[in-house]
Amino acid sequence: MATDVTDDTKGEDDVTDNTHPPTGGSARLNTSVAHNARVWNYWIGGKDNYEVDQQVGEHVATMFPVIREVARADRDFLGRAVTHLAAERGVRQFLDVGTGLPTVDNTHEIAQRVSPDSRIVYVDNDPIVLVHARTLLTSTPEGVTDYIDADVHDPAAIVERAAGTLDLGQPVAVMLLGILNFVLDTDKAREIVRELVAAVPSGSFLVLTHPTFDAEYGGEGNIPAMEFWNENAVPPITARSHAEIASFLDGLELVEPGLVSCSRWRPEDGSAAVVPQLGAVAVKP
Ligand SMILES: C[S@@+](CC[C@H](N)C(=O)[O-])C[C@H]1O[C@@H](n2cnc3c(N)ncnc32)[C@H](O)[C@@H]1O
(Lines give C-alpha, C1' and ligand atoms only; values in the text may rest on other atoms or scores of the structure.)
Protein backbone atom coordinates (compact mmCIF):
# COMPACT_ATOMS: atom_id res chain seq x y z
CA MET A 1 0.00 0.00 0.00
CA ALA A 2 1.67 3.17 -1.16
CA THR A 3 -0.53 5.79 0.43
CA ASP A 4 -0.61 6.77 4.05
CA VAL A 5 -4.28 6.59 5.00
CA THR A 6 -4.91 8.66 8.09
CA ASP A 7 -7.57 7.75 10.63
CA ASP A 8 -9.57 10.95 10.50
CA THR A 9 -13.23 10.40 11.35
CA LYS A 10 -14.65 13.87 10.93
CA GLY A 11 -16.86 12.61 8.11
CA GLU A 12 -17.25 15.50 5.68
CA ASP A 13 -19.20 14.48 2.58
CA ASP A 14 -17.91 16.42 -0.39
CA VAL A 15 -15.44 19.08 -1.38
CA THR A 16 -15.33 21.90 -3.86
CA ASP A 17 -11.64 22.75 -3.75
CA ASN A 18 -8.34 20.99 -3.25
CA THR A 19 -7.42 22.29 0.16
CA HIS A 20 -9.36 19.81 2.30
CA PRO A 21 -7.38 17.12 4.09
CA PRO A 22 -8.55 13.52 3.67
CA THR A 23 -11.50 12.94 5.98
CA GLY A 24 -14.45 10.62 6.34
CA GLY A 25 -13.60 7.86 3.90
CA SER A 26 -10.70 6.50 5.89
CA ALA A 27 -13.06 5.73 8.75
CA ARG A 28 -14.92 3.25 6.54
CA LEU A 29 -11.85 1.52 5.07
CA ASN A 30 -11.98 -2.26 5.25
CA THR A 31 -8.67 -3.84 4.38
CA SER A 32 -9.74 -7.42 5.11
CA VAL A 33 -12.01 -7.76 2.06
CA ALA A 34 -11.03 -7.02 -1.56
CA HIS A 35 -12.72 -3.89 -2.91
CA ASN A 36 -13.39 -3.24 -6.58
CA ALA A 37 -11.75 0.19 -6.79
CA ARG A 38 -8.50 -1.19 -5.32
CA VAL A 39 -8.46 -4.40 -7.39
CA TRP A 40 -9.16 -2.37 -10.55
CA ASN A 41 -6.19 -0.20 -9.55
CA TYR A 42 -4.11 -3.39 -9.16
CA TRP A 43 -5.08 -4.63 -12.64
CA ILE A 44 -4.10 -1.35 -14.29
CA GLY A 45 -0.72 -1.47 -12.57
CA GLY A 46 -1.40 0.98 -9.70
CA LYS A 47 0.04 0.84 -6.19
CA ASP A 48 -3.02 1.86 -4.18
CA ASN A 49 -4.15 -1.59 -3.14
CA TYR A 50 -3.73 -4.01 -0.24
CA GLU A 51 -2.57 -7.61 -0.06
CA VAL A 52 -6.14 -8.91 -0.05
CA ASP A 53 -6.84 -6.97 -3.27
CA GLN A 54 -3.69 -8.36 -4.89
CA GLN A 55 -4.62 -11.94 -3.94
CA VAL A 56 -8.16 -11.71 -5.28
CA GLY A 57 -6.96 -9.76 -8.34
CA GLU A 58 -4.37 -12.44 -9.12
CA HIS A 59 -6.88 -15.24 -8.66
CA VAL A 60 -9.34 -13.59 -11.05
CA ALA A 61 -6.51 -12.97 -13.55
CA THR A 62 -5.61 -16.66 -13.39
CA MET A 63 -9.22 -17.67 -14.07
CA PHE A 64 -9.79 -14.93 -16.69
CA PRO A 65 -6.42 -13.75 -18.05
CA VAL A 66 -7.90 -11.04 -20.29
CA ILE A 67 -9.01 -9.02 -17.23
CA ARG A 68 -5.90 -6.80 -17.18
CA GLU A 69 -6.35 -6.05 -20.87
CA VAL A 70 -10.01 -5.25 -20.13
CA ALA A 71 -9.04 -2.74 -17.44
CA ARG A 72 -6.42 -1.06 -19.63
CA ALA A 73 -8.74 -0.99 -22.67
CA ASP A 74 -11.44 0.61 -20.52
CA ARG A 75 -9.05 3.37 -19.35
CA ASP A 76 -7.84 3.96 -22.91
CA PHE A 77 -11.45 4.19 -24.08
CA LEU A 78 -12.08 6.79 -21.35
CA GLY A 79 -9.18 8.83 -22.70
CA ARG A 80 -10.39 8.70 -26.31
CA ALA A 81 -14.04 9.35 -25.41
CA VAL A 82 -13.29 12.38 -23.20
CA THR A 83 -10.85 13.78 -25.77
CA HIS A 84 -13.47 13.35 -28.51
CA LEU A 85 -16.19 15.04 -26.46
CA ALA A 86 -13.99 17.92 -25.31
CA ALA A 87 -12.12 18.54 -28.58
CA GLU A 88 -14.71 17.69 -31.22
CA ARG A 89 -18.08 18.14 -29.51
CA GLY A 90 -17.29 21.14 -27.31
CA VAL A 91 -18.36 19.44 -24.06
CA ARG A 92 -17.18 21.39 -21.00
CA GLN A 93 -18.99 19.53 -18.21
CA PHE A 94 -18.48 15.92 -17.11
CA LEU A 95 -20.30 13.88 -14.46
CA ASP A 96 -18.07 10.83 -13.94
CA VAL A 97 -19.92 8.26 -11.82
CA GLY A 98 -17.76 5.37 -10.56
CA THR A 99 -14.54 7.36 -10.73
CA GLY A 100 -12.12 4.72 -9.48
CA LEU A 101 -8.84 5.57 -7.80
CA PRO A 102 -6.96 8.48 -9.36
CA THR A 103 -4.51 7.22 -11.98
CA VAL A 104 -2.64 8.55 -14.99
CA ASP A 105 -4.92 10.76 -17.10
CA ASN A 106 -8.08 11.15 -15.10
CA THR A 107 -11.17 12.68 -16.71
CA HIS A 108 -10.47 16.23 -15.49
CA GLU A 109 -6.86 16.15 -16.72
CA ILE A 110 -7.90 15.03 -20.20
CA ALA A 111 -10.80 17.51 -20.45
CA GLN A 112 -8.88 20.45 -18.97
CA ARG A 113 -5.94 19.79 -21.29
CA VAL A 114 -8.33 20.51 -24.17
CA SER A 115 -10.20 23.28 -22.38
CA PRO A 116 -8.94 24.51 -18.98
CA ASP A 117 -12.38 25.84 -18.02
CA SER A 118 -13.91 22.33 -17.98
CA ARG A 119 -15.98 21.44 -14.92
CA ILE A 120 -15.83 17.87 -13.65
CA VAL A 121 -17.83 16.19 -10.89
CA TYR A 122 -16.66 12.77 -9.77
CA VAL A 123 -18.90 10.33 -7.88
CA ASP A 124 -17.91 7.13 -6.11
CA ASN A 125 -18.92 5.37 -2.88
CA ASP A 126 -15.66 3.61 -2.05
CA PRO A 127 -13.96 5.04 1.07
CA ILE A 128 -10.45 4.81 -0.37
CA VAL A 129 -11.49 6.65 -3.53
CA LEU A 130 -12.84 9.40 -1.27
CA VAL A 131 -9.52 9.68 0.57
CA HIS A 132 -7.45 9.83 -2.64
CA ALA A 133 -9.84 12.08 -4.51
CA ARG A 134 -9.49 14.77 -1.90
CA THR A 135 -5.74 14.92 -2.29
CA LEU A 136 -5.19 14.10 -5.95
CA LEU A 137 -8.08 15.43 -8.02
CA THR A 138 -6.83 18.97 -8.46
CA SER A 139 -8.18 21.43 -11.01
CA THR A 140 -6.94 24.16 -13.31
CA PRO A 141 -7.66 27.64 -11.87
CA GLU A 142 -10.20 28.29 -14.66
CA GLY A 143 -12.07 25.01 -14.18
CA VAL A 144 -13.54 23.05 -11.28
CA THR A 145 -13.08 19.52 -10.00
CA ASP A 146 -15.53 18.31 -7.39
CA TYR A 147 -16.02 14.96 -5.69
CA ILE A 148 -19.26 13.52 -4.33
CA ASP A 149 -19.32 10.51 -2.02
CA ALA A 150 -22.58 8.86 -3.17
CA ASP A 151 -24.13 5.62 -4.33
CA VAL A 152 -25.14 5.19 -7.98
CA HIS A 153 -28.36 3.57 -6.73
CA ASP A 154 -29.46 7.06 -5.67
CA PRO A 155 -29.30 9.14 -8.87
CA ALA A 156 -31.58 11.85 -7.43
CA ALA A 157 -29.02 12.62 -4.72
CA ILE A 158 -26.22 12.64 -7.31
CA VAL A 159 -28.08 15.09 -9.54
CA GLU A 160 -28.99 17.36 -6.65
CA ARG A 161 -25.42 17.57 -5.43
CA ALA A 162 -23.86 17.78 -8.91
CA ALA A 163 -26.09 20.78 -9.62
CA GLY A 164 -24.03 22.69 -7.08
CA THR A 165 -21.04 22.54 -9.45
CA LEU A 166 -22.42 21.86 -12.93
CA ASP A 167 -24.82 24.04 -14.90
CA LEU A 168 -27.49 21.47 -15.73
CA GLY A 169 -28.93 23.87 -18.33
CA GLN A 170 -25.82 23.25 -20.47
CA PRO A 171 -24.67 19.94 -22.01
CA VAL A 172 -23.04 17.43 -19.69
CA ALA A 173 -21.26 14.17 -20.50
CA VAL A 174 -22.65 11.60 -18.04
CA MET A 175 -19.99 8.93 -17.68
CA LEU A 176 -20.90 5.46 -16.41
CA LEU A 177 -17.72 3.45 -17.00
CA GLY A 178 -17.59 0.03 -15.38
CA ILE A 179 -20.30 0.90 -12.86
CA LEU A 180 -23.71 -0.31 -14.07
CA ASN A 181 -22.25 -3.82 -13.63
CA PHE A 182 -22.58 -3.17 -9.88
CA VAL A 183 -26.32 -2.56 -10.25
CA LEU A 184 -27.44 -6.16 -10.33
CA ASP A 185 -31.04 -5.54 -11.34
CA THR A 186 -31.20 -4.61 -15.02
CA ASP A 187 -34.48 -2.67 -14.68
CA LYS A 188 -32.97 -0.65 -11.83
CA ALA A 189 -29.86 0.02 -13.94
CA ARG A 190 -32.08 1.29 -16.80
CA GLU A 191 -33.98 3.50 -14.37
CA ILE A 192 -30.71 4.99 -13.07
CA VAL A 193 -29.55 5.81 -16.59
CA ARG A 194 -32.96 7.31 -17.45
CA GLU A 195 -32.91 9.50 -14.34
CA LEU A 196 -29.37 10.76 -14.91
CA VAL A 197 -30.01 11.45 -18.59
CA ALA A 198 -33.33 13.16 -17.80
CA ALA A 199 -31.46 15.64 -15.60
CA VAL A 200 -29.27 16.96 -18.44
CA PRO A 201 -30.35 18.89 -21.56
CA SER A 202 -30.54 17.90 -25.20
CA GLY A 203 -27.02 17.81 -26.67
CA SER A 204 -25.68 16.01 -23.58
CA PHE A 205 -23.85 12.69 -23.87
CA LEU A 206 -23.87 9.32 -22.18
CA VAL A 207 -20.54 7.48 -22.08
CA LEU A 208 -20.72 3.83 -21.06
CA THR A 209 -18.57 0.77 -20.57
CA HIS A 210 -19.84 -2.57 -19.30
CA PRO A 211 -18.51 -6.16 -19.12
CA THR A 212 -20.22 -8.75 -21.32
CA PHE A 213 -20.44 -12.52 -21.12
CA ASP A 214 -21.11 -12.78 -24.88
CA ALA A 215 -18.89 -15.38 -26.55
CA GLU A 216 -18.25 -13.23 -29.63
CA TYR A 217 -16.27 -10.84 -27.40
CA GLY A 218 -14.56 -13.68 -25.49
CA GLY A 219 -16.74 -12.95 -22.45
CA GLU A 220 -17.82 -16.46 -21.32
CA GLY A 221 -15.03 -16.50 -18.72
CA ASN A 222 -16.62 -13.50 -17.01
CA ILE A 223 -19.26 -15.81 -15.54
CA PRO A 224 -17.03 -18.07 -13.36
CA ALA A 225 -14.65 -15.18 -12.62
CA MET A 226 -17.56 -13.06 -11.37
CA GLU A 227 -18.90 -15.99 -9.32
CA PHE A 228 -15.52 -16.15 -7.60
CA TRP A 229 -15.55 -12.37 -7.17
CA ASN A 230 -19.00 -12.39 -5.59
CA GLU A 231 -17.90 -14.96 -3.02
CA ASN A 232 -14.65 -13.21 -2.14
CA ALA A 233 -14.91 -9.47 -2.79
CA VAL A 234 -17.21 -6.45 -2.81
CA PRO A 235 -19.36 -5.05 -4.25
CA PRO A 236 -21.13 -7.89 -6.13
CA ILE A 237 -20.90 -7.66 -9.90
CA THR A 238 -22.69 -8.91 -13.02
CA ALA A 239 -21.93 -9.07 -16.75
CA ARG A 240 -24.60 -8.60 -19.42
CA SER A 241 -25.32 -9.38 -23.06
CA HIS A 242 -24.79 -6.85 -25.85
CA ALA A 243 -28.60 -6.52 -26.13
CA GLU A 244 -29.01 -5.75 -22.41
CA ILE A 245 -26.20 -3.19 -22.47
CA ALA A 246 -27.66 -1.65 -25.65
CA SER A 247 -30.95 -1.17 -23.79
CA PHE A 248 -29.22 1.36 -21.49
CA LEU A 249 -28.79 3.54 -24.58
CA ASP A 250 -32.45 3.46 -25.66
CA GLY A 251 -33.72 6.85 -26.80
CA LEU A 252 -30.21 8.18 -27.42
CA GLU A 253 -28.33 8.52 -30.73
CA LEU A 254 -25.19 6.42 -30.87
CA VAL A 255 -21.97 8.13 -31.96
CA GLU A 256 -20.09 6.00 -34.52
CA PRO A 257 -19.04 3.18 -34.28
CA GLY A 258 -21.84 2.45 -31.77
CA LEU A 259 -21.72 -0.11 -28.95
CA VAL A 260 -18.55 -2.14 -29.58
CA SER A 261 -15.62 -3.73 -27.77
CA CYS A 262 -14.30 -0.61 -26.00
CA SER A 263 -10.85 -1.28 -27.53
CA ARG A 264 -12.44 -0.84 -30.99
CA TRP A 265 -14.18 2.48 -30.27
CA ARG A 266 -12.30 4.96 -32.50
CA PRO A 267 -8.98 3.23 -31.74
CA GLU A 268 -5.63 4.82 -32.43
CA ASP A 269 -4.40 1.35 -33.28
CA GLY A 270 -6.88 -0.28 -35.69
CA SER A 271 -5.57 -3.74 -34.85
CA ALA A 272 -6.47 -3.57 -31.12
CA ALA A 273 -7.77 -6.94 -29.88
CA VAL A 274 -11.45 -7.29 -29.02
CA VAL A 275 -12.10 -7.37 -25.25
CA PRO A 276 -15.24 -8.48 -23.36
CA GLN A 277 -15.94 -4.92 -22.20
CA LEU A 278 -18.34 -2.97 -24.42
CA GLY A 279 -18.14 0.80 -24.81
CA ALA A 280 -20.33 3.46 -26.38
CA VAL A 281 -20.87 7.20 -26.58
CA ALA A 282 -24.38 8.47 -27.34
CA VAL A 283 -25.98 11.89 -27.59
CA LYS A 284 -29.31 12.97 -26.10
CA PRO A 285 -31.44 14.24 -29.01
C1 LIG B 1 -14.39 -0.88 -12.38
S2 LIG B 1 -14.12 0.61 -11.50
C3 LIG B 1 -14.16 1.74 -12.86
C4 LIG B 1 -13.39 2.99 -12.61
C5 LIG B 1 -13.40 3.98 -13.79
N6 LIG B 1 -14.75 4.43 -14.09
C7 LIG B 1 -12.81 3.33 -15.02
O8 LIG B 1 -13.56 3.04 -15.95
O9 LIG B 1 -11.60 3.12 -15.03
C10 LIG B 1 -15.73 0.86 -10.76
C11 LIG B 1 -15.83 1.98 -9.73
O12 LIG B 1 -17.22 2.07 -9.35
C13 LIG B 1 -17.29 2.27 -7.95
N14 LIG B 1 -18.59 1.78 -7.47
C15 LIG B 1 -18.99 0.50 -7.37
N16 LIG B 1 -20.25 0.44 -6.90
C17 LIG B 1 -20.66 1.73 -6.70
C18 LIG B 1 -21.86 2.32 -6.23
N19 LIG B 1 -22.91 1.56 -5.85
N20 LIG B 1 -21.93 3.67 -6.18
C21 LIG B 1 -20.87 4.44 -6.55
N22 LIG B 1 -19.70 3.93 -7.00
C23 LIG B 1 -19.59 2.59 -7.07
C24 LIG B 1 -16.14 1.49 -7.38
O25 LIG B 1 -15.78 1.97 -6.10
C26 LIG B 1 -15.07 1.74 -8.44
O27 LIG B 1 -14.29 2.86 -8.13
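A nonpolar core is a set of buried Ala, Val, Leu, Ile, Met, Phe, Trp, Tyr and Cys residues joined through C-beta atoms within 7 Å, where buried denotes 20 or more other C-beta atoms within 10 Å of a residue's own, with C-beta atoms placed from the backbone. The model is predicted: local features need pLDDT of at least 70 and side-chain atom pairs count only at pLDDT 80 or more, whereas totals for chains, interfaces and linings use all residues. Residue numbers start from 1 along each chain as its sequence is written.

Select first Leu95, Ala173, Val174, Met175, Leu176, Phe205 and Val207, which touch the most other members of the largest nonpolar core, a set of 81 residues. Helix H3 gives this core its largest share, ten residues; helices are DSSP runs of H or I with at least four residues, numbered from the N terminus.

Centre next on Val207. Leaving aside residues up to four places away in sequence, Val207 touches Ala81, Ala173, Met175, Leu177 and Val281 (contact: backbone-placed C-beta atoms within 7 Å).

Then display H3 (residues 67-88) and H4 (residues 107-114), whose axes come within 9 Å and cross at roughly 30°. Axes are lines fitted to C-alpha atoms over the stretch in contact, with angles from 0 to 180 degrees between N-to-C directions. On H3, select Leu78, Gly79, Val82, Thr83, Ala86 and Ala87; on H4, select Thr107, Ile110, Ala111 and Val114; these residues make the contact.

Finish at the ligand. Of the 22 residues around the ligand (C-beta atom, placed from the backbone, within 6 Å), Gly98, Gly100, Asp126, Leu177 and Gly178 come nearest. Helices H1 (36-43) and H3 each contribute at least two residues to this shell.

Technical notes
Contact = placed C-beta atoms within 7 Å. Buried ≥ 20, exposed ≤ 12 C-beta atoms within 10 Å, placed from the backbone.
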